[in-house]
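Colleague: Could you take a close look at one part of this model for me, the polar contacts between side chains, and then show me how the rest of the chain is laid out around them?

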Amino acid sequence: MLVYKKGEERTVERLLPNFCPPDGPLCMPARKSPVQYLWQPGTLLALSLALCGVASYAMPQILPMLFVPVVLALAGLLVSLEGFFREGLHKNANRTLSVCYTRFFTRHEVCVFTPDLSYTLLENPFSVSGGRCDVRVHLPCGLQYRVRGVLQYLAREIPFTL
């Protein structure tokens, strides 16, 4: 595993001659479902705000303590919103795969060099009607990356174009 800062691609290219940053966008947010990304943190934020509303009437002395879950839920909502605009897959020109996904409070961008991959496409009726699916990329070392909201026709072509 190799981690580098933005702008230091030349160092990585010297170490790994096949490395190239993604030359295209990793995702198309216009075709994604915001509900898929925002329902969990949105529900948590709504429940926290409702709890603060009830506490302001019934027990105003504990209201400052209840702002902690509101702030954490708002942070989770912002991270999910970033995932909505950034998560995706892209096949690079040098036959590598770029994967961008969010997990907890971190965005990960991974470049996969091995062709020994397996994929799992996860679909439900709502995503099929929107032309989307979730893709799990399984690496030989046992790691899995889950990318949400990938266009279905692009996800079906990935194993055959690498």
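Modeller: Let's settle one term before we start: a polar contact here is a pair of N or O atoms within 3.5 Å, and inside a protein one of them must be able to donate a hydrogen while the other can accept it. Keep in mind, too, that this is a predicted model.

With that in hand, go to Thr-102. You'll find Thr-102 in strand β2, which covers residues 97-103. Its side chain makes a polar contact of 2.7 Å with the side chain of Glu-87. There is a second partner: the side chain of Arg-148 makes a polar contact with the Thr-102 side chain at 3.5 Å. Is Thr-102 buried or exposed? Thr-102 counts as buried, because its relative accessibility is 14% and the cut-off for buried is under 20%. Setting aside neighbours within four places in sequence, the residues in contact with Thr-102 are Val-79, Gly-83, Glu-87, Arg-107 and Arg-148. So both polar partners turn up in that list, Glu-87 and Arg-148, given that contact means heavy atoms within 4.5 Å.

Arg-148 is a handy bridge to the next spot, Gln-36. Gln-36 belongs to helix α2, residues 34-58. Along the chain Gln-36 and Arg-148 are 112 residues apart, yet their C-alpha atoms are separated by 8.2 Å. Past the four-place window, Gln-36 is in contact with Asp-134, Arg-148 and Gly-149. With Asp-134 there is also a polar contact, side chain to side chain, at 2.7 Å. Gln-36 counts as partly exposed because its relative accessibility is 25%, and that class runs from the 20% limit for buried up to the 50% limit for exposed.

One more polar pair is worth a stop. His-138 sits in strand β5, which takes in residues 132-138. The side chains of His-138 and Thr-120 are joined by a polar contact of 2.8 Å. Ignoring neighbours within four places, His-138 has contacts with Asp-116, Leu-117, Ser-118, Tyr-119 and Thr-120, and also with Leu-143 and Gln-144.

Now for helix α3. Leu-77 is in helix α3, and so is Pro-69, with the helix spanning residues 63-86. Leu-77 touches Leu-38, Pro-41, Gly-42 and Leu-45, once neighbours within four places are left out. Leu-77 and Leu-44 are 33 residues apart in sequence, and from C-alpha to C-alpha the gap is 8.9 Å. With 22% relative accessibility, Leu-77 counts as partly exposed. Pro-69 is partly exposed as well, at 33% relative accessible area. For a sense of scale, the C-alpha atoms of Pro-69 and Val-110 are separated by 31 Å, with the two positions 41 residues apart along the chain.

Helix α4, residues 125-130, holds Ser-127. Its relative accessible area is 11%, so Ser-127 is buried. From the C-alpha of Ser-127 to that of Val-12 the separation is 37 Å, and the pair is 115 residues apart along the chain.

Stepping back, the protein chain comes to five helices and six strands. From the N terminus the order is α-α-α-β-β-β-β-α-β-β-α. The radius of gyration is 20 Å, whereas a compact globule of 162 residues would be near 15 Å. Along the principal axes, the C-alpha atoms fill a box of roughly 65 × 40 × 30 Å. Buried residues account for 34% of the 162. If you take contacts between residues at least 6 apart in sequence, 50% of them join residues at least 24 apart.

As for the surface and the charges, the accessible surface is about 10,500 Å², and carbon and sulfur atoms own 63% of that. The chain carries 16 positive and 11 negative side chains, with the centres of the two sets 3 Å apart.

If you want a route on screen, begin at Thr-102 with its contacts to Glu-87 and Arg-148, cross from Arg-148 to Gln-36, and finish with His-138 and Thr-120.

How values were computed: Residues numbered from 1 in each chain as written. Predicted model: local features only at pLDDT ≥ 70, side-chain atom pairs only at ≥ 80, totals over all residues. Heavy atoms only, no water. Helix = DSSP H or I, 4+ residues; strand = E, 2+ residues; numbered from the N terminus. Rg over C-alpha atoms; globule rule 2.2 N^0.38 Å. Buried < 20%, exposed > 50% of the residue type's maximum accessible area, 1.4 Å probe, protein only. Areas by Shrake-Rupley, 256 points an atom, 1.4 Å probe, with all protein chains shown as cover. Lys, Arg positive; Asp, Glu negative; His and termini not counted. Charge placed at Lys NZ, Arg CZ, Asp CG, Glu CD.
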